[in-house]
Amino acid sequence: MIFENSRSFACRLDQQDELRSFRDQFIMPVIDGRQQIYFLGNSLGLQPKRTAACLQQVMNKWANYGVEGFFMGEQPWLQYHDQLIQPLSQIVGALPHEVVVMNQLTVNLHLLLVSFYQPDQKRYKIICEAKAFPSDQYMLETHVKYCGFDPADAIIEVAPRAGEHTIRQEDVLQVIHEHKDELALVVWGGLNYYTGQLFDMAAITNAAQAVGAKVGFDLAHAAGNVALQLHDWNVDFAAWCSYKYMNSGPGGIGGAYIHERYHNDHTIPRFAGWWGYDKATRFLMQKGFNPTRSAEGWQLSTPSPLLYAAHRAALEIFTEAGIDRLQKKRQLLNSWLWFLLDDLNSRQSEPVIEFITPRKESERGCQVSMLMLQQGKKVFDELAKAGVIVDWREPNVIRLAPVPLYNTFEEVWQFTNILRQILQLQLV
Ligand SMILES: Cc1ncc(COP(=O)(O)O)c(C=O)c1O
């Protein structure tokens with residue numbers, strides 16, 4: 001499509017948008033009486049209007065039935081999980097029984113490493129991205145130590161080349177190859193939280209498995225954002241949070257994928273709890289752990305129906321919008337943002353923004369990360385004053401992510417127009 005930098009063109013794109021009515025299903029933030037332009041769906045997705053009613057249903061059931069809410073009334077809590085895995089499996093490209101909703105992301109990564117990182121003196125190394133999200137770094141560092149290895153020796157980070165911001169796919173594959181005899185595991189962020197770079201997860205999986213290693217992805221910034229095919233890519237395991245692109249609320253319940261080939265494998269260790277016990281006989285309370293033969297067998301504790309309800313409300317909207325339509329709009333919205341930002345940048349007398357997110361469509365999702373070359377923090381503060389919610393990452397990066405469910409083409413135009421005005425203020 002040939003874009004034109006004008007508000008009327010933006011409005012035309014909105015009129016043609018098949019998903020435009022979905023915005024109305026969300027509560028847009030209003031600060032000091034002013035509706036905000038909210039571009040932080042990559043951090044905390046907005047609240048669907050239906051979530052409060054779904055939570056209220058759980059509260060009512062708790063009030064009316066007490067513990068019998070697990071078994072009685074409409075949507076007994078014991079069966080709630082079944083309603084989540086169908087829509088989720090479509091979002092992550094898995095079979096429904098390969099998906100489980102449980103815990104939080106970092107907790108799930110630790111639990112999955114218990115099963116999929118079984119180092120010995122020969123194969124004990126883990127490859128990950130340099131500057132992975134800090135929680136992943138701490139998770140790997142402490143997990144490796146717990147297994148009796150030295151993180152400095154066992155963890156191999158792949159970094160961007162000197163002078164570059166993103167990691168070259170070929171370098172990831174090369175490092176896997178270099179460590180082929182000692183590599184136990186690759187743990188990778190499918191979409192990097194800082195740069196917005198999307199990786200070729202199928203290629204990483206192939207390369208790692210070809211040398212005898214296992215592969216897991218942190219999909220915090222990928223799930224609900226880009227198209228995923230975890231099962232077809234033959235990924236061993238993955239985990240994500242639901243509070244970013246999946247709009248399931250602050251601290252919302254996490255999720256994990258475990259390839260079906262492991263569901264009946266008794267040789268792999270796991271940390272167990274009663275909620276992972278075979279569903280049919282769980283309440284017989286017998287000795288000896290007998291897992292449910294699906295990803296649900298990795299659960300430990302009683303899940304919160306309140307968190308389930310918030311998740312369900314948000315997932316319903318995904319199903320109604322349709323994954324294909326969401327992907328189509330995501331690509332158009334993102335291309336529109338790039339077009340406007342490029343136009344703005346090219347009109348400055350000196351460069352003000354360096355984009356660290358890859359330009360290639362196959363290497364990015366909703367997010368664009370702008371490295372501000374001049375007065376970045378001031379620009380960010382002015383954006384906030386003007387009612388634009390984006391985020392600031394030290395030392396000099398502004399991240400933003402217009403999302404297809406509730407952001408409009410006009411908002412993207414408004415944002416770049418506000419940014420243009422701010423840059424004029426700063427630079428004159
Ligand atoms: C890439 C990535 N990994 C891990 C986490 C940590 O998630 P949690 O706090 O839910 O464990 C985050 C949180 O934003 C993240 O962005």
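How far is an oxygen atom of the ligand from an N or O atom in the side chain of Thr106? I looked this up in what is a predicted model, and the separation is 2.5 Å.

**Entry 1. Ligand site**

I next recorded two further polar approaches to the ligand. In the side chain of His221, an N or O atom is 3.0 Å from a ligand oxygen. For Tyr243, I noted a polar side-chain atom 2.7 Å from an oxygen atom of the ligand. I then looked up the ligand's surface: taken alone it exposes 400 Å², and the protein buries 82% of that.

I listed the surrounding residues as Gln104, Leu105, Thr106, Phe133, Asp136, Asp218, Ala220, His221, Tyr243 and Lys244. By class, I found this shell to divide into four nonpolar, three polar and three charged residues.

**Entry 2. Gly190**

I located Gly190 in the loop that runs between strand S7 (183–189) and helix H8 (201–210). Is Gly190 buried or exposed? I entered Gly190 as buried, because its relative accessibility is 0%.

I then looked up the contacts of Gly190, leaving aside neighbours within four places in sequence. The partners are Gln197, Leu198, Phe199, Met201, Phe217, Asp218 and Leu219. One of these, Asp218, is also listed among the residues around the ligand. As a distance check, I took the C-alpha atoms of Gly190 and Ser349, which are 36 Å apart, with the two positions 159 residues apart along the chain.

**Entry 3. Cysteines**

How many disulfides does a search of the whole structure find? I recorded zero. A disulfide is a covalent bond between the sulfur atoms of two cysteines.

I examined Cys241 in particular. The closest cysteine sulfur to that of Cys241 belongs to Cys366 and is 14 Å away, so the pair is too far apart for a bond. Cys241 has 2% relative accessibility and therefore counts as buried. Cys11, by contrast, I entered as partly exposed, because its relative accessible area is 25%.

**Entry 4. Gln367**

Where is Gln367 placed? I found Gln367 in the loop between strand S11 (353–355) and strand S12 (368–372). With a relative accessible area of 0%, Gln367 is buried.

Which side chain does that of Gln367 contact at 2.9 Å? I noted this polar contact as one with the side chain of Ser369. A polar contact at 3.3 Å joins the side chains of Gln367 and Asn42.

Terms used:
Residues numbered from 1 in each chain as written. Predicted model: local features only at pLDDT ≥ 70, side-chain atom pairs only at ≥ 80, totals over all residues. Heavy atoms only, no water. Near = heavy atom within 4 Å. Polar contact = N/O pair within 3.5 Å; in protein donor to acceptor, adjacent residues only side chain to side chain. Areas by Shrake-Rupley, 256 points an atom, 1.4 Å probe, with all protein chains shown as cover. Nonpolar A, V, L, I, M, F, W, Y, C, P; charged D, E, K, R; others polar. Helix = DSSP H or I, 4+ residues; strand = E, 2+ residues; numbered from the N terminus. Buried < 20%, exposed > 50% of the residue type's maximum accessible area, 1.4 Å probe, protein only. Contact = heavy atoms within 4.5 Å. Disulfide = S-S within 2.5 Å.
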